[in-house]
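User: I'm new to this one and would like to learn how to read it. Could you walk me through it step by step?

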Amino acid sequence: MTSTQPHLKSDSLTCCPLTPPGVGAIAVIALRGDASWSLIRSCVQRPTGPLPEQPQFDRLYFGTFGDERETIDEVILAPRCDRSGALVGVDVSAHGGIRVVERILMTLTDKGAALVSPGECVIQEPQGGHDGWITRIKNAANLQMMRTTTRRAAMFLMNQAEVLPAAYTRIMELSDAGREDDAHAVLQSLVERSDRARHLLVPPRVSVVGPPNAGKSSLINALAGRDHVIVSDIEGTTRDWVTVPAVIEGIELTLVDTAGLRDTPDALEGIAIDRGRVASASSDLRIWVFDRSAQAPADVPAILAGLGDRDIVVANKSDRAASDSWSDILGKSDRPVLAASATQQDGLDEVRRAIVCGLGLDDFDDALPAEFDPERLARISAEYRTNSVSITSLAAKIRNSIVLD
Ligand SMILES: Nc1nc2c(ncn2[C@@H]2O[C@H](COP(=O)(O)OP(=O)(O)OP(=O)(O)O)[C@@H](O)[C@H]2O)c(=O)[nH]1
Ligand SMILES: [Mg+2]
């Protein structure tokens, strides 16, 4: 047995769903008890053959869950250990959906596991002891997983349950060994990744702004994959801003549709335009949509010149020829302008990519450590920033911030 292989611990067999019924893109089922791995081995086959007799607790296993008669779902298995390295159970991640979860639970209960409530399964893991903080982080990741709606967010949290405690331990070890600079480098990359990771857990707001009739609502419907908002060729169709949920590359977003920007004598429309401006100013990202087949509004060059990193520009209606004014602007513009057609679904992959890049998630590795708890992030960020005035060791500060919280 290698050092990463847990030894089996005596216990009764229990199972429960950790994620709520129905809503999630992923469902996690906890199986606990000494025989959990042998039970799982009787239901899950890897593409390359049976699961190993002993699991390694530092890796995930992919396979198909089923019996001799049929396959129920593709699953990912995460062996769970307590702090002594004893196996306490296995988390089974399947695709979300009531029926799949029911059938997996039925199979587990048929094979001898008792169905218990989620609280019993999560709390079963002991929190005490000098490294109880590791269990607290794992349990917090499990609990947060229940509220996620995308498979990517759930997988991210499942990874963090394993790698985040290891990253904090590394920082403390480096600092204890007097390698304060190395410890700070690990902390720095952890803080930077955590900042970006928050977009995986709290849906970022992406507002869509631009002149009336440019196709803002059409673009939102195309990105969301459903006709959520009203589209018409009457200018000023969208009045008060409306939010629409969407998922792009596994990231849950809140798209914000706003009233077309123009000078208007209509008092109500004027209020809607102002409210849209306020909503878009507080967004994580703004998409400017223009109709490239129409005469460009006179202020377009000034608008484009004033945009920053958090702005994406779309020249919509690319299924039509660009007007002379737009050809002129596009020829001179320094910043990228994406040609797209919301109604023809053209150029949308480029818009999606620009959104993911704008959120800083284009090269984000979900398997590397990132803090998912906002309070802990605030505390460790403070330690990271006070580096230069540090008089005590970083290990002591991290212990105070994380271990003793
Ligand atoms: N040919 C073409 N027509 C489009 C495209 N996108 C939108 N339209 C049409 O343009 C018109 C206006 O579209 P909307 O999506 O309502 O525009 P909007 O920017 O939300 O307009 P307001 O809500 O009035 O500000 C509708 O008739 C759409 O069908 C496109 O890519 N190509
Ligand atoms: Mg609209």
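User: Let's start with the ligand. How many nonpolar, polar and charged residues does the shell around ligand 1 have?

Analyst: Keep in mind that this is a predicted model. Sorted by class, the shell around ligand 1 holds 13 polar residues, six charged ones and five nonpolar ones. In total, 24 residues surround the ligand, and Gly215, Ser217, Ser218, Thr238 and Gly260 are the closest.

User: Which helix gives the largest share of that shell?

Analyst: That's helix α7, residues 216-224, with three residues.

User: Is α7 enclosed or open, and how do I tell? Which of its residues are buried?

Analyst: You count neighbours: a residue with 20 or more other C-beta atoms within 10 Å of its own is called buried. In α7, that applies to Lys216, Ser217, Ser218, Leu219, Ile220, Asn221, Ala222 and Leu223. Eight of the helix's nine residues are buried, so the rest of the structure largely encloses α7.

User: What do the buried residues of α7 pack against?

Analyst: Mostly look for strands here: β10 (205-209), β11 (242-248), β12 (251-257), β13 (285-291) and β14 (311-316) are among the partners, and helix α11 (348-358) is another. Just after α7 comes Gly225, with a positive phi near 75°.

User: What about positive phi in a residue other than glycine? Where is Asn213, for instance?

Analyst: Asn213 sits in the loop between β10 and α7. Its phi is near 70°, a positive value, and Asn213 is not a glycine. Glu249 is another such case, with phi near 45°; you'll find Glu249 in the loop between β11 and β12.

User: Are those two buried or partly exposed?

Analyst: Asn213 has 21 other C-beta atoms within 10 Å, so Asn213 is buried. Glu249 has 14 C-beta neighbours inside 10 Å, so Glu249 counts as partly exposed.

User: Now the core. What's the general idea there?

Analyst: In soluble globular proteins, nonpolar side chains tend to be buried together. In this model, the largest nonpolar core has 93 residues, and Ile29, Leu31, Leu157 and Val314 touch the most other members. Helix α5 (residues 151-176) gives the most to this core, 12 residues.

User: Which residues is Val314 in contact with, leaving aside its neighbours within four places in sequence?

Analyst: The list is Leu219, Ile287, Trp288, Val289, Leu338, Ala340 and Val351. Leu219 is one of the buried residues of α7.

User: How do I describe two helices that pack together?

Analyst: Two packed helices are described by the angle between their axes and the distance between the axes. For a case here, take α4 (residues 132-145) and α5: their axes come within 9 Å and cross at roughly 175°. An angle over 145 degrees counts as roughly antiparallel, and α4 and α5 are therefore roughly antiparallel to each other.

User: Which residues of α4 and α5 meet?

Analyst: From α4 there are Ile134, Ile137, Lys138, Ala141, Asn142, Gln144 and Met145; from α5, Ala154, Leu157, Met158, Gln160, Ala161, Leu164 and Pro165. By class, that contact has 10 nonpolar residues, three polar and one charged. Leu157 also turned up as a core residue that touches the most other members.

User: Gln160 is in that list. Is it buried or exposed?

Analyst: Gln160 has 27 other C-beta atoms within 10 Å, so Gln160 is buried. Not counting residues up to four places away in sequence, Gln160 touches Ala141, Pro369, Ala370 and Phe372. Gln160 and Ala370 are 210 residues apart along the chain, yet 6.9 Å separates their C-alpha atoms.

User: Where else can I see residues that are far apart in sequence and meet in space?

Analyst: Try Gly89 in strand β8 (residues 86-95). Gly89 and Ala30 are 59 residues apart in sequence, with 7.4 Å from C-alpha to C-alpha. Gly89 also contacts Leu31, Arg32, Gly33, Ser36 and Arg80.

User: And for the protein chain as a whole?

Analyst: Among its contacts with a separation of 6 or more, 65% join residues 24 or more positions apart. The chain has 13 helices and 15 strands, and 37% of its 405 residues count as buried.

Definitions and conventions. Residues numbered from 1 in each chain as written. Chains lettered and ligands numbered in written order. Predicted model: local features only at pLDDT ≥ 70, side-chain atom pairs only at ≥ 80, totals over all residues. Near = placed C-beta within 6 Å. Helix = DSSP H or I, 4+ residues; strand = E, 2+ residues; numbered from the N terminus. Nonpolar A, V, L, I, M, F, W, Y, C, P; charged D, E, K, R; others polar. Core = buried A, V, L, I, M, F, W, Y, C linked by C-beta atoms within 7 Å. Buried ≥ 20, exposed ≤ 12 C-beta atoms within 10 Å, placed from the backbone. Contact = placed C-beta atoms within 7 Å. Axes fitted to C-alpha atoms, helices over the stretch in contact; angles between N-to-C directions. Parallel < 35°, antiparallel > 145°, perpendicular 65-115°, else oblique.
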